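The following exercises treat aromatic contacts, one helix and two enclosed or open spaces. Each task is followed by a solution in steps.

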Amino acid sequence: MQINKKEFKKNVQDYLKTFYRRTVEDASKQQIYQAVAFAVKDYIVDDWAKTQKEMEKTDAKKVYYLSMEFLLGRALGNNIINLKADKDIRKALEELGIDLEDIEEQEPDPALGNGGLGRLAACFLDSLATLGYPAYGCGVRYKYGMFKQAIKDGFQVEKPDDWLREGNPFEIKRPEYACEVKFGGYVRYTKDDNGREHFVQENYQSVRAIPYDYPIVGYGNHVVDTLCIWDAEAIVDFNLSEFDKGDYHKAVEQQNLAQTICEVLYPNDNHYAGKELRLKQQYFFVSASVQRAVSKFMETHKDIRQLPEKVIFQLNDTHPTVTVPELMRILMDEYYLSWDEAWDVTSHCCAYTNHTIMAEALEKWPLELFSRLLPRIYQIVEEINRRFVILLQERYPGDYSKIEKMAIIMDGQVKMANLAIVAGFSVNGVARLHTEILKNEQLRDFYQLWPEKFNNKTNGITQRRFLLHGNPKLASWVTGKIGDEWITNLDHMKELEVYLDDKKCQKEFMNIKYQNKLRLAEYIKEHNGIEVDPRSIFDVQVKRLHEYKRQLLNIMHIMYLYNQLKANPDMEFYPRTFIFGAKASAGYRRAKLIIKLINSVADVVNNDKTIDGKIKVVFIENYRVSNAEWIFAAADVSEQISTASKEASGTGNMKFMLNGACTIGTMDGANVEIAEEVGENNIFIFGMSSDEVINYENNGGYNPREIYNTDGDIRLVMTQMINGFYSPDDTELFREIYNSLLDASYDRADQYFILKDFRSYAEAQKRVEEAYKDETRWAKMAMSQVARVGKFSSDRTIEDYVRDIWHLTKIKVDAEN
């Protein structure tokens with residue numbers, strides 16, 4: 001996009017004057033950020049309006065991507081890049097004495113997501129817009145997100161992430177599209193004069209759902225898709241009558257209900273109130289999104305039965321599964337379709353993406369809670385289940401075990417994954433191995449019943465944020481070698497293959513890596529107070545903290561290396577900086593204890609002068625998209641060490657690969673496909689296979705005590721957890737972790753096979769060190785990651801969804817009209 005620098009500078013100055021009564025000279029950095037963001041938004045809005053008009057003119061089919069999370073990252077820099085206005089805006093700001101990078105730091109990360117699920121959704125929206133496909137993301141406008149992580153005395157402390165305190169300059173409130181969402185009450189059944197059935201929900205509580213539209217800018221094509229995030233407001237803010245009676249709580253009851261719904265992402269559900277709030281959140285944004293999608297469709301169409309021709313609801317994991325009964329409710333109760341007609345529409349509109357094989361992550365709601373909070377929705381789910389059970393009885397006569405495993409309602413629970421599979425016309429996994437495990441293990445019965453529904457869509461990432469924006473030095477180098485087509489077609493990276501053995505190119509590539517390591521080292525010094533050597537190996541594990549992701553294996557290996565150095569001070573050892581970043585769910589006690597263990601080990605190791613800085617351990621506080629970009633760019637080694645069969649895909653592995661980090665990992669998730677792309681000589685694989693893990697889980701035969709009793713190094717590491725070596729003030733602090741690895745009565749001993757894989761992991765780490773010491777070999781390995789990353793673009797993933805599931809048509813936006 002061509003930016004008129006004079007006009008842009010005037011717009012920035014005008015916004016400063018209008019909003020703050022300030023000039024560039026006396027405005028704060030936050031005020032300047034707001035003004036710059038609004039000036040950029042002016043250009044976006046023009047394309048945004050044209051995109052909507054083009055969708056209406058072509059009557060384009062749309063996908064509504066429903067997700068509890070959208071982990072977007074900062075918008076300003078990414079939007080400027082996707083507008084292809086970086087040079088013009090940067091120059092205009094320089095003329096005003098403003099540094100763009102400095103201003104970008106004023107923008108908080110939108111607290112709309114937490115982990116890979118939300119980041120994948122954000123990558124998908126970026127790719128949909130860049131490829132020109134009509135799409136809406138649908139989610140919740142959380143006021144405080146999950147939490148802002150602070151580390152105090154080594155422990156995680158959760159603080160509100162008040163990202164909206166200064167306002168969000170890119171969003172637009174759309175009260176004209178508000179709708180009502182109902183909770184509780186009861187359902188009254190009536191018939192009209194024509195004998196037609198009616199179900200009326202009465203004595204309910206309700207909130208008004210207000211959409212806020214957030215632009216998703218496509219790269220260089222003037223297409224701007226929309227992320228619609230819903231906020232809740234009270235239908236009646238203040239009940240004066242109740243207040244005058246002295247019932248002050250009831251006077252603001254609706255206001256409190258509305259405020260609670262959108263305050264935090266994933267409220268702690270270790271108690272009943274938390275479970276209820278989670279279900280309210282899910283139904284709130286789903287109901288609002290489906291109501292709006294249906295209403296929008298009916299603005300230009302007469303027959304609701306044609307909805308599948310123009311609308312797809314993609315359910316990003318089980319959280320939005322109430323889409324199924326909510327759409328049925330609207331079709332039957334508001335448009336008076338029969339059950340069969342409504343089911344035909346619904347089962348051709350809904351598609352489900354499964355993101356986990358972990359049984360505990362497949363949502364199940366207590367029947368009492370579900371039926372009380374969503375009485376009409378529960379009636380519909382009951383009927384779906386009744387009809388499905390009849391189908392199972394006909395297909396498998398006398399086999400009650402099928403009903404036990406596949407029914408939607410069973411043992412007092414509503415099983416959301418089962419509902420999504422029964423109603424969806426497509427069920428996809430997110431990596432080839434993950435999909436095969438779903439078909440052969442977790443969802444085997446459903447696959448045998450409906451094999452045609454199941455398909456794989458290996459995840460991907462957007463190269464525009466994680467290379468073009470996050471690693472500008474490497475992005476510029478790549479463009480200098482092969483041109484800029486990689487920005488919208490990552491397959492072009494394979495053209496770098498011709499440079500893999502070029503000594504000059506290797507030196508250039510590794511110098512860029514070193515510059516990025518210097519940048520991260522400065523960040524660590526500023527935020528952690530730890531000096532790290534940028535010439536050391538930057539060994540990085542950054543991801544949500546869960547036991548199956550095995551941060552515990554990583555830190556136990558560091559404890560082992562530290563013991564080795566203490567026992568053998570003169571041993572050959574290449575310096576390592578181990579970098580962690582992770583949030584643990586507020587109610588996940590053991591995961592939070594692992595964070596404390598990491599920080600306790602860091603305190604000991606980093607302050608031991610006898611090891612001469614050969615090992616440094618860093619835990620980066622409040623890991624998020626904005627600091628992730630710097631971390632990926634600086635990493636030498638990418639830790640992807642989940643227990644085989646547990647990680648659905650992973651996308652951090654792809655972001656590290658894109659930035660030239662070599663993977664050490666198990667054959668799990670997308671690691672399998674990464675290994676195929678880079679070749680076995682360019683990846684460090686260790687540990688049991690998924691088949692071996694599943695065999696132990698199904699048949700037993702693993703006893704971690706045998707390893708503990710026969711491996712002195714492992715025994716020493718574990719003993720140090722409970723003898724005060726890392727916790728002198730509380731020797732019992734890490735007892736729970738110790739017990740989880742050995743005590744069979746304490747869950748299942750070593751459930752994620754940390755001791756079983758430890759020696760294989762340690763051996764793989766030795767191979768990493770040997771490879772890194774060979775500068776030529778390592779440079780070629782690192783460059784190979786970038787050259788062979790093409791498959792892992794979210795652009796490719798979206799094209800797969802479009803071809804096999806959504807069947808969308810691209811739109812073109814004319815910038816001149």
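**Exercise 1. State the geometry of Arg735 relative to the ring of Tyr738.**

Solution. Arg735 lies over the face of Tyr738, at 5.5 Å from the ring centre. The criterion requires NZ of Lys or CZ of Arg within 6 Å of the ring centre and within 35 degrees of the ring normal. Lys402 lies over the face of Tyr396 by this criterion, at 4.8 Å from the ring centre.

The model is predicted: local features need pLDDT of at least 70, side-chain atom pairs count only at pLDDT 80 or more, and totals for chains, interfaces and linings use all residues. Residues are numbered from 1 along each chain as its sequence is written, and side-chain values use heavy atoms, with hydrogens and water left out.

**Exercise 2. Classify the aromatic pair of Phe466 and Phe632, and locate its two members.**

Solution. Step one is the rule: rings of Phe, Tyr and Trp (its six-membered ring) pair if their centres lie within 6.5 Å; planes under 30 degrees apart count as stacked, over 60 as edge-to-face and the rest as tilted. This rule yields 30 aromatic pairs. Step two applies it: Phe466 and Phe632 are 5.8 Å apart centre to centre, with 75 degrees between the planes, and the pair is edge-to-face. Step three is location: Phe466 belongs to helix H20 (residues 463–469) and Phe632 to helix H25, so the pair ties together parts 166 residues apart in sequence. Helices here are DSSP runs (H or I, at least four residues), as are strands (E, at least two), numbered from the N terminus. Step four is burial, defined as under 20% relative accessible area (exposed is over 50%, partly exposed in between; 1.4 Å probe, protein chains only). Phe466 is buried at 2%, and Phe632 is buried at 2%.

**Exercise 3. Repeat the classification for Tyr708 and Tyr738.**

Solution. The ring centres of Tyr708 and Tyr738 are 6.4 Å apart and the planes stand at 85 degrees, so the pair is edge-to-face. Tyr708 lies in helix H29 (residues 704–710) and Tyr738 in helix H31 (residues 735–742), 30 residues apart. Tyr708 counts as buried at 11% relative accessibility, and Tyr738 is buried at 10%.

**Exercise 4. Test the span of helix H6 (residues 116–131) against expectation.**

Solution. The expected span is 1.5 Å times one less than the number of residues. For the 16 residues of H6 the expected span is 22 Å, and the end C-alpha atoms are 22 Å apart, which agrees. In H6, 15 of 16 residues are buried. Just after H6, Gly132 takes a positive phi of about 85 degrees.

**Exercise 5. Describe the largest cavity and its lining.**

Solution. On a 1 Å grid over the protein atoms alone, a cavity is a set of points where a 1.4 Å probe fits but cannot get out, a pocket is an open set with protein on both sides within 12 Å along at least five of seven lines, and lining residues have an atom within 4 Å of a point. The largest cavity holds about 170 Å³. Of its 17 lining residues, the closest to the centre are Leu72, Asn78, Asp126, Ile216 and Arg465. Helix H3 (76–82), H6 and strand E9 (205–217) each give two or more residues to this lining.

**Exercise 6. Which helix gives the most to the lining of the second largest pocket?**

Solution. This pocket holds about 1,100 Å³ of space. Of its 40 lining residues, the closest to the centre are Tyr523, His527, Glu621, Asn622 and Arg624. H22 gives the most, with six residues.

Definitions and conventions: Points joined across faces, edges and corners; volume = space filled by probe spheres on them.
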